[in-house]
Amino acid sequence: MNGPVVVGVDGSPSSMVAVEVAAREAGLRGVGLRLVHAFGWPAAHVPPGRPWEPSGAGLRELIDGTLAKAERRAHEAAPGIEVMREVVVGEPVMVLEIESRAASLAVVGSRGLSRFGAVLLGSTAGHLAAHAACPVLVVRGRPDPAGPVLLAVDGSPAARGAVEFAFAQASLHGTDLVAVHAWNTRTERAYDGPSDPPFVTYDEDRLRDEEQRVLAEALGGLGEKYPDVTVHRRLVRGRIRHSLIDASAEAGLVVVGARGRGGFAGLLLGSVSQAVLHHAHCPVAVVRTGEV
């Protein structure tokens, strides 16, 4: 998609860092940057998406000042990009979800302006990661993270969009791609035939070989599409969420699917995605089914 990069702006330090990241992403993609401030107006029953028409000059100046500061930060991070400002009436979660329908990427900080300072992940970031119509980049973790793109591979069809997004990001940023796939002796794929033995004993070599195949198939075809990306395959025995969180300490970005193998149909955001969004040491991109 050639739509703009959309970033939520509320004036918090987290959102201002998100603006810088979003500006650089827009510059790399050659698209515009859209700064969006959602203005909740509980006293008035105004349909979401209606342009902001404030009556208070002081409030107007405050929000205009916040957006002007964000625009300056954007131009400093990526000189020459086109920057658009928008103030929309509505709750941030709904406004950004609507904005994501025409965007190539939505960027938010991990925590915004809230009285709940102890919350690890803000409600806007969590909701957008689960519901957005485009990939969502949640800016969190250590300042100025550098390192490869870290991809969680589970072999499910739903994760194909995340794999393609990770390759594209590694190519755009000129970094390596580390594809991590976890396995253990509870894996079902190697013993799914009617003549296969029950789970009493395990042929660990057979399990490992099968998971190697799953990892190779998940990455299949994209090495040719992105020949500039060096791929490191990492097969890990254990829980994927802990492996990803630990590895994120040396990564520039973690990419996960919204819901992978084993997730419940009613959950829009899987347990691995939730854990990484709350605890990763670097930014996290969540890609839902069918997104690129």
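Which residue of β10 is the bridge partner of Gly-257? The partner is Val-287, and the strands around this pair are a good place to start. The model is a predicted one, in which local features need pLDDT of at least 70 and side-chain atom pairs count only at pLDDT 80 or more, while totals for chains, interfaces and linings use all residues. Residues are numbered from 1 along each chain as its sequence is written, and side-chain values use heavy atoms, with hydrogens and water left out.

The protein has nine helices and 10 strands; helices (H or I, at least four residues) and strands (E, at least two) are DSSP runs, numbered from the N terminus. Of its 292 residues, 47% are buried, where buried means under 20% relative accessible area, exposed over 50% and partly exposed in between, with a 1.4 Å probe and protein chains only.

Strand β9 (residues 253-257) is largely enclosed by the rest of the structure, because five of its five residues are buried. In a regular strand the side chains alternate between the two faces of the sheet. In β9, Leu-253, Val-255 and Gly-257 point one way and Val-254 and Val-256 the other. Strands pair if DSSP finds at least two bridges between them. Three bridges join β9 to strand β6 (residues 149-152), and the two run parallel; here Leu-151 has Val-255 as its bridge partner. With strand β10 (residues 284-287), β9 pairs in the parallel sense over four bridges.

Leu-151 and Val-255 also appear in the largest nonpolar core, which has 48 residues, and they are among those with the most contacts inside it, together with Val-7, Leu-33, Leu-35 and Val-107. A nonpolar core is a set of buried Ala, Val, Leu, Ile, Met, Phe, Trp, Tyr and Cys residues joined through side-chain atoms within 4.5 Å. Helix α1 (residues 13-29) supplies the largest share of this core, seven residues. Apart from it lies another core, of 35 residues, including Leu-128, Val-138, Ala-152 and Leu-277.

Helices meet as well. Helix α5 (residues 160-173) and helix α6 (residues 204-219) pack at an angle of about 65 degrees, with their axes 9 Å apart; axes are lines fitted to C-alpha atoms, for helices over the stretch in contact, and angles run from 0 to 180 degrees between N-to-C directions. That makes α5 roughly perpendicular to α6, a label for angles of 65 to 115 degrees. At this contact (heavy atoms within 4.5 Å), Arg-160, Val-163 and Phe-167 in α5 meet Glu-217, Ala-218 and Leu-219 in α6.

Conventions: Angles under 35 degrees count as roughly parallel, over 145 as roughly antiparallel, 65 to 115 as roughly perpendicular and the rest as oblique.
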